[in-house]
Amino acid sequence: MRTLTLPAVGLPSDGPKERFGLVCAGLLEVLADGLYSVSLRSEDDSALLVNGEKVVEKKNIDFTSARAEVALATGLHPIEVRYYQRDFTLGLELKIDGP
């Protein structure tokens, strides 16, 4: 196990290519109250937690997206992205669109 600091949610270029798990934890700064659309795209399994609650979960091996909407208040919110890579193609993307 190792700990890295990344500038954004993503896969480190010098990491393993198969059979590994990754957890990205940090804070999301919300500038305005509202309903936010979140999209998590990954090759293999992934999940997004906001304020400790699972808001998106994707469980399949295709490079597809899972989407949800979440109401957020102005301020900082803890987020966590969980990712599991099996074999072959790597891929992880997180997109958050606000009001």
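**A walk through an all-strand chain**

Let's start with who touches whom: among contacts between residues at least 6 apart in sequence, 71% join residues at least 24 apart. Keep in mind throughout that this is a predicted model.

What are the building blocks? The chain has 7 strands and 0 helices, so reading from the N terminus you simply meet β-β-β-β-β-β-β. Of its 99 residues, 34% count as buried. The accessible surface comes to about 6,300 Å², and carbon and sulfur atoms account for 52% of that.

Now for the inside. In soluble globular proteins, nonpolar side chains tend to be buried together. Here the largest nonpolar core holds 19 residues, and the members touching the most others are Leu48, Val56 and Leu72. At least two core residues come from each of β1 (20–30), β2 (34–42), β3 (45–50), β5 (64–72) and β6 (75–85). The largest share is from β1, with 5 residues.

Leu72 is a good place to pause. Setting aside residues up to four places away in sequence, Leu72 touches Leu28, Val30, Ala32, Asp33, Gly34, Tyr36, Val50, Asn51 and His77.

Next, the sheet. Strands of a sheet pair through backbone hydrogen bonds, either parallel or antiparallel. Three strands make up an open sheet here, in the order β5-β2-β7, with antiparallel pairing. Why do β5 and β7 (92–97) each have a side without a neighbour in the sheet? Both stand at the edges with a single partner strand, so one side of each is left free of a sheet neighbour. On average, neighbouring strands in this sheet are turned by 15° against each other, if you ignore direction.

Look more closely at β2 and β7: these two run antiparallel and are joined by 6 bridges. To find the pairing on your screen, go to Leu40, whose bridge partner in β7 is Leu94.

Finally, have a look at Ser46, which sits in strand β3. Is this serine buried or exposed? Its relative accessible area is 5%, and the cut-off for buried is under 20%, so Ser46 counts as buried. The Ser46 side chain makes a polar contact with the side chain of Ser42, at 2.8 Å. Leaving out neighbours within four places in sequence, Ser46 is in contact with Leu40, Val56, Glu57, Lys58, Arg82 and Tyr83. Two of those names should ring a bell: Val56 came up among the core residues that touch the most other members, and Leu40 is the residue bridged to Leu94.

Conventions
Residues numbered from 1 in each chain as written. Predicted model: local features only at pLDDT ≥ 70, side-chain atom pairs only at ≥ 80, totals over all residues. Heavy atoms only, no water. Helix = DSSP H or I, 4+ residues; strand = E, 2+ residues; numbered from the N terminus. Buried < 20%, exposed > 50% of the residue type's maximum accessible area, 1.4 Å probe, protein only. Contact = heavy atoms within 4.5 Å. Areas by Shrake-Rupley, 256 points an atom, 1.4 Å probe, with all protein chains shown as cover. Core = buried A, V, L, I, M, F, W, Y, C linked by side-chain atoms within 4.5 Å. Pairing = 2+ DSSP bridges. Axes fitted to C-alpha atoms, helices over the stretch in contact; angles between N-to-C directions. Polar contact = N/O pair within 3.5 Å; in protein donor to acceptor, adjacent residues only side chain to side chain.
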